[in-house]
Number of protein chains: 2
Amino acid sequence: MSVSRLFIETDLAAGVEAPLGEAQAHYLRHVMRREEGARLLLFNGRDGEWTATLSLRGKKTAAALVETQTRVQAAEPDLWLCFAPIKRTRIDLVAEKATELGVALLQPVLTRHTAVERVNVERLRANAVEAAEQTERLTVPEVRAPIELGHLLDRWPAGRRLLMCDETGGGRPIADVLSTLDPAARSAPWAIVIGPEGGFAAAELEALRRMKEVTSVGLGPRILRADTAALAALACWQAMLGDWRTPTPRLPGDYRTSRATR
Amino acid sequence: MSVSRLFIETDLAAGVEAPLGEAQAHYLRHVMRREEGARLLLFNGRDGEWTATLSLRGKKTAAALVETQTRVQAAEPDLWLCFAPIKRTRIDLVAEKATELGVALLQPVLTRHTAVERVNVERLRANAVEAAEQTERLTVPEVRAPIELGHLLDRWPAGRRLLMCDETGGGRPIADVLSTLDPAARSAPWAIVIGPEGGFAAAELEALRRMKEVTSVGLGPRILRADTAALAALACWQAMLGDWRTPTPRLPGDYRTSRATR
């Protein structure tokens with residue numbers, strides 16, 4: 001039987017008895033049909049990954065008895081995704097895929113032409129947690145509350161570069177841009193910014209282009225939906241600047257275990 | 001009002017009266033509420049893109065009166081996507097996103113660990129047509145019937161390179177591989193091959209690695225779902241070898257028209 005992998009908030013160390021949330025207890029007991037003593041893998045975003053065994057308590061509670069560390073916490077690329085909210089299934093997709101693609105932070109951004117104003121931050125976070133659990137990540141990206149584009153740019157953190165996917169065709173090809181950055185830019189923290197389906201307003205485009213941190217890139221001759229543009233830009237960034245640049249040997253056994261948990 | 005953009009099979013030339021299918025007539029009349037004389041854009045994958053006006057006929061039929069050409073047909077990258085079928089919503093997503101990302105052909109592949117054996121080819125094609133209509137493509141990718149991996153490899157076309165996303169960690173980083181290809185490989189036709197959620201069987205991996213056309217690449221330290229791996233590899237290929245390498249100026253008006261049709 002495959003091993004369930006769970007994100008929890010508790011500190012992890014050998015011998016710790018980590019309480020599981022009600023939803024996690026329900027999931028393990030009733031969805032996965034795990035029994036007392038079942039094998040678990042736990043991570044909290046700080047202490048790496050640990051084996052544990054399931055301890056079933058009352059009807060609705062459970063705990064995990066933490067045993068040994070299987071992976072140490074490692075540094076991850078400092079990449080944000082700033083995106084205009086889109087309709088529900090597509091925004092779920094962005095949270096899930098961006099987590100798999102290794103973003104550190106998801107920032108919904110309200111723009112002039114943003115069609116969707118309400119964002120369920122808890123739902124986005126749940127999608128991010130699930131994607132992290134299922135794809136071997138050791139962290140869960142932070143999900144921030146929506147913010148107006150103007151406010152975001154006004155308080156933009158010094159030194160964080162901004163890759164703007166320019167759907168008006170004004171950007172240089174993304175591979176050109178990313179392969180010719182100077183060393184300071186290559187090692188800087190980055191953000192990718194994606195406009196709404198209706199495009200950025202002219203004033204928004206100007207405000208973005210005025211910022212010295214902004215680099216406009218083009219993503220080819222076809223119009224991409226906002227979610228596709230986000231995922232494509234994340235993949236290119238990880239491949240050319242991020243942690244896809246180093247080979248990552250993996251045991252076939254590791255792979256199959258994790259894939260089988262889906 | 002935005003302009004509806006439709007894929008049709010008929011040859012396109014000035015003065016042609018192109019019959020529309022029943023589903024298209026229904027869509028224009030009842031979903032989009034178009035009236036007699038409404039502006040259309042048409043493409044057929046061969047003759048570029050044309051303006052046309054809608055001519056409503058009987059209750060269920062309609063035609064388009066073709067007027068002037070707006071874009072000429074252009075060559076597109078010769079890139080296939082060979083992927084093991086996955087469950088319904090995710091396979092729909094692959095067809096849609098792969099179309100946006102410019103694949104020429106979608107080839108479902110049955111492998112030892114493929115969980116999903118039935119593939120609705122018509123449904124995949126409908127997703128591809130819709131994505132092409134909405135994202136300014138001038139072609140619709142071909143969707144082939146599912147084929148066993150062994151059969152696909154036995155009759156693999158001479159000269160077509162195969163980029164294998166190696167989820168066992170055995171591949172070199174994708175950006176390394178794509179940036180160091182020799183000129184012949186850069187200009188060759190390519191295919192991207194993605195295994196099933198359960199991974200390729202050992203014998204399948206060996207068969208793939210034995211082929212001289214195959215290059216294994218890695219997509220970073222996180223486990224990617226099969227659909228994410230497909231979209232990430234397509235984006236990297238287009239950015240580094242495909243038609244994202246040339247700048248594509250686009251009029252803001254073009255962009256807004258097309259985005260507003262969604």
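How many residues of domain 1 of chain A are in contact with residues of domain 2 of chain A? Keep that question in mind while you get your bearings; the tour will reach it at the second stop.

**Before you start: colour by confidence**

What you have open is a predicted model, so begin with its scores. The model as a whole has an ipTM of 0.91 and a pTM of 0.91. Colour chain A by pLDDT: the average is 90, and 94% of the residues score at least 70. Now select residues 251-262 of chain A, where pLDDT stays under 50. Even so, the model has 22 contacts beyond four places in sequence for this stretch. Keep its low score in mind when you look at it.

**Second stop: the two domains of chain A**

Give residues 4-73 one colour and residues 79-240 another; these are domain 1 and domain 2 of chain A in the domain assignment. The C-alpha centres of these two domains of chain A lie 33 Å apart. Here is the reply to the opening question: 9 residues of domain 1 of chain A are in contact with 6 residues of domain 2 of chain A. On the domain 1 side, strand β1 (residues 4-7) of chain A supplies the largest share, 3 residues. That side of domain 1 of chain A divides into 3 nonpolar, 3 polar and 3 charged residues.

While you are in chain A, select Arg33(A). This residue sits in the loop between α1 (22-31) and β3 (39-43) of chain A. Check its backbone angles: phi is positive, about 55°, although Arg33(A) is not a glycine. Is Arg33(A) buried or exposed? Arg33(A) counts as exposed because it has 9 C-beta neighbours inside 10 Å, and the cut-off for exposed is 12 or fewer.

**Third stop: the two copies together**

Show chains A and B side by side. A turn of 180°, with a shift of 0.0 Å along the axis, lays chain A on chain B with an RMSD of 0.0 Å. This is the relation of a two-fold axis. To find the axis from chain A, select Cys236(A): its C-alpha is the nearest to the axis in that chain, at 2.7 Å. The same surface serves both copies, as 100% of the contact residues of chain A recur in chain B.

Next, select the contact itself, where 47 residues of chain A meet 47 residues of chain B. Several elements of chain A give two or more residues to this side, among them α2 (88-100), α5 (174-179) and α9 (252-260). Which element gives the most? Select α8(A), which gives 8 residues. The side of chain A that touches chain B divides into 19 nonpolar, 13 polar and 15 charged residues.

**Fourth stop: the nonpolar core**

The largest nonpolar core has 110 residues. Among the members that touch the most others are Ala230(A), Cys236(A), Ile192(B), Ala230(B) and Cys236(B). Zoom in on Ala230(B) and look beyond four places in sequence: Ala230(B) touches Leu81(B), Phe83(B), Val94(B), Ala98(B), Ile192(B) and Ile194(B). In soluble globular proteins, nonpolar side chains tend to be buried together.

**Last stop: four residues of chain B**

- Leu101(B) is in the loop between α2 (88-100) and β7 (105-110) of chain B. Leu101(B) is buried, with 29 other C-beta atoms within 10 Å. Beyond four places in sequence, its contacts come from both chains, including Thr228(A) and Ala232(A) as well as Leu231(B) and Gln238(B).
- Leu153(B) belongs to helix α4 (residues 149-154) of chain B. Leu153(B) counts as buried because it has 20 C-beta neighbours inside 10 Å, and the cut-off is 20 or more. Display Ala207(B) and Met211(B), its contacts beyond four places in sequence.
- Arg186(B) is in helix α6 (residues 183-187) of chain B. Arg186(B) is partly exposed, with 14 other C-beta atoms within 10 Å. Draw a C-alpha to C-alpha distance to Leu241(B): 6.4 Å in space, for residues 55 apart in sequence.
- Glu136(B) lies in the loop between α3 (121-134) and β8 (142-143) of chain B. Its phi is positive, near 70°, in a residue other than glycine. Glu136(B) counts as buried, with 23 C-beta neighbours inside 10 Å.

Terms used. Residues numbered from 1 in each chain as written. Chains lettered and ligands numbered in written order. Predicted model: local features only at pLDDT ≥ 70, side-chain atom pairs only at ≥ 80, totals over all residues. Least-squares fit on C-alpha atoms with pLDDT ≥ 70 in both. Contact = placed C-beta atoms within 7 Å. Core = buried A, V, L, I, M, F, W, Y, C linked by C-beta atoms within 7 Å. pLDDT = per-residue confidence, 0-100. Domains from an automatic or database assignment. Nonpolar A, V, L, I, M, F, W, Y, C, P; charged D, E, K, R; others polar.
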